[in-house]
Amino acid sequence: MGEGMRDRALRVMEECACIAEMSEEPGRITRLYLTPPMHSVHEYLRDRMEMLGMRVRVDAAGNLRGLWEPRGYRQQRLVIGSHLDTVPNAGAYDGVLGVVIALEWIVLAQEMSLSIPIEVIGFSEEEGVRYGVPFLGSTAVAGCFDRRLLDLRDRDGKSLEQAIRDFGLDPGAIDQAKIDNDVIGFVEVHIEQGPELEEGDLGVAAVTDIVGQTRGTLTFTGHANHAGTTPMHHRRDALAAAAEWISIVEDIALRTEALVATVGRVFIQPNAVNVIPSVVEVSLDCRHADDSIRSLAVGELITRGRDIASRRGIATDWSVLANHPAVPMDRQLTALMVDAMSAAGLAAKTMTSGAGHDAMVMARRVPATMLFLRSPGGISHDPCESVLVEDIEASLHVARKFLERLASSVG
Ligand code: HGY
Ligand code: MN
Ligand code: MN
């Protein structure tokens, strides 16, 4: 009697818990792009992949890539994966779950003697925390990595190029990370990171599209001065200007249907209690399923920031770090996923993803779709992030039905 799906789901939970220990910070899960704990994650997953008979490599962008080629296989392969980096003080499942579950897809494929090769990718950088730009790993795989980014510096002043070298990789070879055309499609399994599935008391959903996102920084530049001797009407207080703007960010998002806008990071100089802030960098993350609404909102926010600054005699500078259009998932692959969900006895739930994912980048190169698992409490990007073992189990039943359908669709 083969291993039950519940045992496999429990194994997935254990492996995610094990990988969660591989962190830059004791007692918290923080694993940014190409930091030392990523070596431990690669080693751990490499062992697991090699035990499954997969050939394993790390490409020049730091993506971990395992390939399973069954005897007598066909040329085209399925690619499954997600990201291995995290936000600071993260949960144990965002990204990692999709890579660990992908290895269970390999087990299922081997049990059914699938004749379709499968590549599993653990993307090196999706969150965009270390260098401010997301999707460094998947853009390299999709062949659209922007080499100008190699000059970006992290908070310690280390360039992206140097970080790649320090990890033991060759930044000159990033172009070789590009995936070839022998791919049927890309599947990403990921936690929903929102409340929708739990509100509907559903365990899984197929993703039909991913919202577009703008990431940028609005910098306010005033004048530092003494906090005790400078009268209020003489001040060029960059932080007071930024604070006014931040409340407008929330106000415009609240007034625009389905728009979300977040200020997640403020960098204050000189950041001393008794000095009027001179320079304040404010991050903006703005998302919407409709690109025209998103760009209108971003435009209005920048204008309002400039108005605040000029009224206060302060300078501003807006720099865009990423501008990703909303991406529809591949209709055929998504239909196959929905059909697999029904065949597994589950509700054929579909939904839009409010979170960005590597699938939106991979979709530029290959047909892509996603399978979401319920996020209890709708919580993510936080240590309370969790996943239910029964939803992992359900997703494995969907996986088996998906692979069966894929095999018969490619003939
Ligand atoms: O921010 C996001 O949407 C994703 O978690 N990186
Ligand atoms: Mn995330
Ligand atoms: Mn993620």
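These are my notebook entries on the ligand, metal, cavity and pocket sites of this predicted model.

**Entry 1. Ligand 1**

I began with the residues around ligand 1, which are Glu126, Glu127, Gln193, Arg215, Arg287, Ala355, Gly356 and His381. I sorted this shell by class and recorded four charged residues, three polar ones and one nonpolar one.

I then looked up individual polar contacts. The side chain of Glu126 has an N or O atom 2.8 Å from a nitrogen atom of ligand 1. For Gly356 the contact is through the backbone, with an N or O atom 2.7 Å from an oxygen atom of the ligand. His381 contributes a side-chain N or O atom, and I noted 3.0 Å between this and an oxygen atom of ligand 1. I next looked up how far the ligand is covered: on its own, ligand 1 has 210 Å² of accessible area, and the protein covers 94% of this.

**Entry 2. Manganese ions**

Which residues coordinate the manganese ion listed as ligand 3? I found His83 through NE2, Asp94 through OD and His190 through NE2, at 2.0 to 2.2 Å. Along the chain, these donors follow the spacing H-x10-D-x95-H.

I then turned to the manganese ion listed as ligand 2. Asp94 bridges this ion and ligand 3, and the two ions lie 3.4 Å apart. I also placed two of the donors in the fold: His83 belongs to strand β3 (residues 77-83), whereas Asp94 sits in the loop between β3 and α3 (96-111), so the pair ties together parts that are eleven residues apart in sequence.

**Entry 3. Cavity**

I searched for cavities of 30 Å³ or more and found one. The volume of the largest cavity is about 30 Å³. I listed its lining as Ile19, Ala20, Ile29, Arg31, Thr86, Gly91, Ala92, Tyr93, Asp94 and Val96. Asp94 thus appears in this lining as well as among the donors of ligand 3. By class, I recorded six nonpolar, two polar and two charged residues in the lining.

**Entry 4. Second largest pocket**

I looked up the volume of the second largest pocket and noted about 220 Å³. Its lining consists of 13 residues, and those nearest the centre are Val133, Asp146, Leu149, Leu321 and Ala322. Which strand supplies the largest share of this lining? I found strand β11 (residues 315-324), with five residues. My class record for the pocket lining reads eight nonpolar, three polar and two charged residues.

Methods. Residues are numbered from 1 along each chain as its sequence is written. Chains are lettered from A and ligands numbered from 1 in the order in which they are written. This is a predicted model: local features need pLDDT of at least 70, side-chain atom pairs count only at pLDDT 80 or more; totals for chains, interfaces and linings use all residues. Side-chain values use heavy atoms; hydrogens and water are left out. A residue is near a molecule or strand if one of its heavy atoms lies within 4 Å of it. A polar contact is a pair of N or O atoms within 3.5 Å; within protein, one must be able to donate a hydrogen and the other to accept it, and residues adjacent in sequence count only if both atoms are side-chain atoms. Accessible areas come from the Shrake-Rupley method with a 1.4 Å probe; for residues, only the protein chains shown count as cover. Ala, Val, Leu, Ile, Met, Phe, Trp, Tyr, Cys and Pro count as nonpolar, Asp, Glu, Lys and Arg as charged, and the others, Gly among them, as polar. On a 1 Å grid over the protein atoms alone, a cavity is a set of points where a 1.4 Å probe fits but cannot get out, and a pocket is an open set with protein on both sides within 12 Å along at least five of seven lines; lining residues have an atom within 4 Å of a point. Grid points are joined across faces, edges and corners, and a volume is the space filled by probe spheres set on the points. Donors are N, O and S atoms within 2.8 Å of the metal (3.2 Å for Na, K and Ca); water is not among the atoms, so sites may look incomplete. Helices (H or I, at least four residues) and strands (E, at least two) are DSSP runs, numbered from the N terminus.
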